[in-house]
Amino acid sequence: MGRIGVGAMAVVGLVAVAAVAVAGVAVGRRVRSGRRWRRVLGVLRELEESYETPVGRLRQVVDAMAVEMHAGLASEGGSKLKMLLTFVDTLPNGDEKGIYYALDLGGTDFRVLQVQLGGRRSSILPHSVEQQSIPQDLMTSTSEDLFDFIATSLKEFVERKENSSGYSPEKRRELGFTVSFPVKQTSVSSGILMRWTRGFAIHDMVGKDIAESLQLALTRNGLNMRVVVLVNDMVGTLALGHYHDPDTVASVVIGTGTNACYVERTDAIIKCQGLVTTSGFMVVNMEWGSFWSSHLPRTSYDIDLDAESPNPNEQGFEKMISGMYLGEIVRRVILRMSQESDIFSAFSSKLSIPFILRTPLMAAMHEDNSPDLREVDEKWRQMLEVPEVPKKVRKLIVKVCDIVTRRAARLAAAGIVGILKKTGRDGGSITGSRSRGDARMRRTVVAIEGSLYTSYTMFREYLHEALREILGEDIAQHLVLEVTEDGSGLGAALLAASHSSTPLPPNTVDSVQMP
């Protein structure tokens, strides 16, 4: 064989060796990639196991909620649940007549409403509403400046609304005042502002009666209007729900934040011995976002989120179930996965930004029903500014969203059943002396607000599923979750009506039938 032939064979040999080497490198990469992907799936399995909420565990959460409610009613500081007295002992029943007003103050805007009531329960409440922005400088000025501005706006609103019927400065009007800041209630129409939030910093108002400050401003500005009730949005939601349906005994909000309130027997409020109401009941604001129990399935993601939050060791239940935190939990899980596999390497820098994944975005990806998950791909690319998201990664993202949402919804359901158990409406007794089947179950309505429930279909379906599992189908059929809208506005006006100094029509029955 000539030199040319030998040289050709050598070249062919080198090419073959190179090809084998390249193939070996490719196989090695696939093996390493497969190992990394298996680690990602291991993180997913670990998440599924730690977020499990079997019905047995949910019933433990129910029991713990009822126990904490008892403890919170027995003594101040006796429970993680604050169980705040609202002094609201009369809920609207549909017999209310007249024109009433509401002021909803909860952020950089406030709303004023006028509601007309005709003495008969109606599914549609005729009302007018206007929204007004608060100038930035007034948020850090004095209480007098702030409430003079609000009173002036309210007076102008009243004059416009009553102009056609003849505005009379002497006419007495009644107002429901909704406040979304921390307030310690001292009566149905008074409460001490504990602190400002949401950008307000008016130091001369802290520690003073916020309703009185409004009342003084109304008087200074020549508006004959009395602050009849001071409430938070939860109580307003309960009032609105009860107006529409007399079987309403509790209200829950599950949105950016979460809370609940319910109707309690006055004699069960042990921490206020001697408390007497004409109706025999009082609405209690649970502040259930602060609920905690060892039965809650807490993980390292929850622990880290809590430790890095502005309020560590507080609002534990809220951090597991509310819209403020669900997207952030998902982000933390995906970040952990990105640290296990290079398929996420392009995402890591953006993924490290806390709260970059908002819950509405998470919900949209979770509920993407397109065959190739186009919505997940589009939203993930926009959020993290990456060129593409592999399909298997899209599926993984949806699965993580599902696990986190399912836990949140099922825990929220357990919280609701906890209220039913405390009030004897879960089909059994608190002490367990009767079997569940022996109890006579009455129709029970819970008024509910919040975008997590109203707009997030998967969350809502998981919550309903858990209610049926915990209660059983026979009992669950007697429970109705009724969506309400604008409890903070319409509900406050209705409470002004039910607590009005104007006499009710003759033969009016008690507005609430207690358990």
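This passage describes a helix pair, two nonpolar cores and one buried loop residue in a predicted model.

We can begin with the helix pair. Helix 10, spanning residues 359-366, packs with helix 11, spanning residues 374-384, at an angle of about 150 degrees, and their axes lie 8 Å apart. Because angles over 145 degrees count as roughly antiparallel, helix 10 is roughly antiparallel to helix 11. The crossing of the two helices is left-handed. On the side of helix 10, the contact is made by L361, A364 and M365, while helix 11 brings E375, V376, K379, W380 and M383. Six of these contact residues are nonpolar and two are charged, with no polar residue taking part.

W380 also appears in the largest nonpolar core, which has 90 residues; together with M286, W288 and L463, W380 touches the most other members. Helix 12 (residues 391-422) is the main contributor to this core, giving 18 residues. For L463, the contacts beyond four places in sequence are I254, A409, A412, A413, I416, Y453 and L481. A second core, separate from this one, holds 33 residues, including L105, F147, F177 and W196.

The loop between strand 7 (190-193) and helix 4 (210-220) contains M205. This residue counts as buried because M205 has a relative accessibility of 0%. Leaving out residues up to four places away in sequence, M205 touches S143, F147, L193, W196, I210 and S213; F147 and W196 are among the residues of the second core. M205 and T142 are 63 residues apart in sequence, yet their C-alpha atoms are 7.6 Å apart in space.

How values were computed. Residues are numbered from 1 along each chain as its sequence is written. This is a predicted model: local features need pLDDT of at least 70, side-chain atom pairs count only at pLDDT 80 or more; totals for chains, interfaces and linings use all residues. Side-chain values use heavy atoms; hydrogens and water are left out. Axes are lines fitted to C-alpha atoms, for helices over the stretch in contact, and angles run from 0 to 180 degrees between N-to-C directions. Helices (H or I, at least four residues) and strands (E, at least two) are DSSP runs, numbered from the N terminus. Angles under 35 degrees count as roughly parallel, over 145 as roughly antiparallel, 65 to 115 as roughly perpendicular and the rest as oblique. A crossing is left-handed if the near helix is turned anticlockwise from the far one by less than a right angle, and right-handed if clockwise. Contact means heavy atoms within 4.5 Å. Ala, Val, Leu, Ile, Met, Phe, Trp, Tyr, Cys and Pro count as nonpolar, Asp, Glu, Lys and Arg as charged, and the others, Gly among them, as polar. A nonpolar core is a set of buried Ala, Val, Leu, Ile, Met, Phe, Trp, Tyr and Cys residues joined through side-chain atoms within 4.5 Å. Buried means under 20% relative accessible area, exposed over 50%, partly exposed in between (1.4 Å probe, protein chains only).
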